[in-house]
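The following exercises concern a single protein chain. Please examine the sequence and the coordinates before reading each solution.

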Amino acid sequence: MSLWKNYHIAESIQDAVDALHTAEQPACLVAGGTDLLLEMQQGHHSPVATLVDITRVAELRCLELRDEQLFIGAGVPVNEISQSSLVLRHAQAVAEGCGLIGGPQVRNSATLGGNVAHALPAADGMIGLLALDATVEIAGQSGPRTAAMHSLFLGPGRSVLSEKGELLVGFRVSARQPGEASAFKRIMRPQGVALPVLNIAVW
């Protein structure tokens with residue numbers, strides 16, 4: 001049995017936003033798909049008529065300094081984030097958290113945007129962004145907007161993004177200043193790749 005009926009490959013942020021609202025519903029965004037596709041296969045996700053693939057949207061793959069801020073595109077694979085010298089310098093907690101997500105194959109596919117958008121309590125990449133007081137860039141039918149990280153979450157597995165049909169574009173973290181640092185640690189059961197018992201990030 002097919003898990004979806006239609007598959008739309010978006011070429012731009014606006015294309016993705018439009019497809020979320022005009023494609024056969026319900027429609028859902030997919031990038032790495034490491035959480036979403038597994039949930040669909042296991043029957044833990046409601047049926048989807050259209051998947052909107054955002055892997056070709058160049059803006060979502062940017063990772064650079066902009067106006068004294070580190071910008072991490074929502075579509076950057078977490079493995080790239082964990083090894084980036086820019087992220088290690090300006091947001092070490094985010095790099096360390098991303099380096100602990102799943103196994104190597106998952107980290108090569110999973111994106112930081114997906115890690116945040118799923119709003120799961122065990123999302124390693126999200127904790128460092130919260131500690132660093134990150135700002136989120138969001139695109140929607142009413143235009144672009146920015147928000148504080150903590151304002152995205154409605155509860156375990158629920159975010160304002162899915163409620164409003166919005167797209168995460170990226171995250172902004174202030175460039176590290178002299179005397180500042182951040183770090184991420186977690187406690188987990190000794191089972192190899194497993195969900196954490198406790199995550200902590202400090203800035």
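Three exercises on this predicted model follow, each with a worked solution.

**Exercise 1.** Determine how the radius of gyration of the protein stands against the globule rule.

*Solution.* Begin with the inventory: the protein has 9 helices and 12 strands. Its radius of gyration is 16 Å, and the globule rule gives 17 Å for 203 residues; the two are close, so the protein is as compact as a globular protein of that length. Next, take the extent of the C-alpha trace, which spans about 50 × 40 × 30 Å along the principal axes. Finally, consider burial: 46% of the 203 residues are buried.

**Exercise 2.** Establish the strand order of the open sheet of 3 strands and place helix 1 relative to that sheet.

*Solution.* The order is 1-3-2, with parallel pairing. Strand 1 (6-9) and strand 2 (27-30) are therefore the edge strands, since each pairs on one side only. From one strand to the next, the twist averages 25°. Strand 2 is joined to strand 3 (residues 50-53) by 4 bridges in the parallel sense, and Leu29 stands opposite Val52 in strand 3. Helix 1 (residues 13-22) packs on this sheet and touches strand 1, strand 2 and strand 3. The direction of helix 1 makes about 150° with that of strand 2.

**Exercise 3.** Decide whether Pro121 is buried or exposed, and locate this residue.

*Solution.* Pro121 lies in the loop between helix 7 (112-117) and helix 8 (124-131). Its relative accessible area is 61%; the cut-off for exposed is over 50%, so Pro121 is exposed. As for its placement relative to Leu36, the two residues are 85 apart in sequence and 15 Å apart in space, C-alpha to C-alpha.

Key:
Residues numbered from 1 in each chain as written. Predicted model: local features only at pLDDT ≥ 70, side-chain atom pairs only at ≥ 80, totals over all residues. Heavy atoms only, no water. Helix = DSSP H or I, 4+ residues; strand = E, 2+ residues; numbered from the N terminus. Buried < 20%, exposed > 50% of the residue type's maximum accessible area, 1.4 Å probe, protein only. Pairing = 2+ DSSP bridges. Axes fitted to C-alpha atoms, helices over the stretch in contact; angles between N-to-C directions. Contact = heavy atoms within 4.5 Å. Rg over C-alpha atoms; globule rule 2.2 N^0.38 Å.
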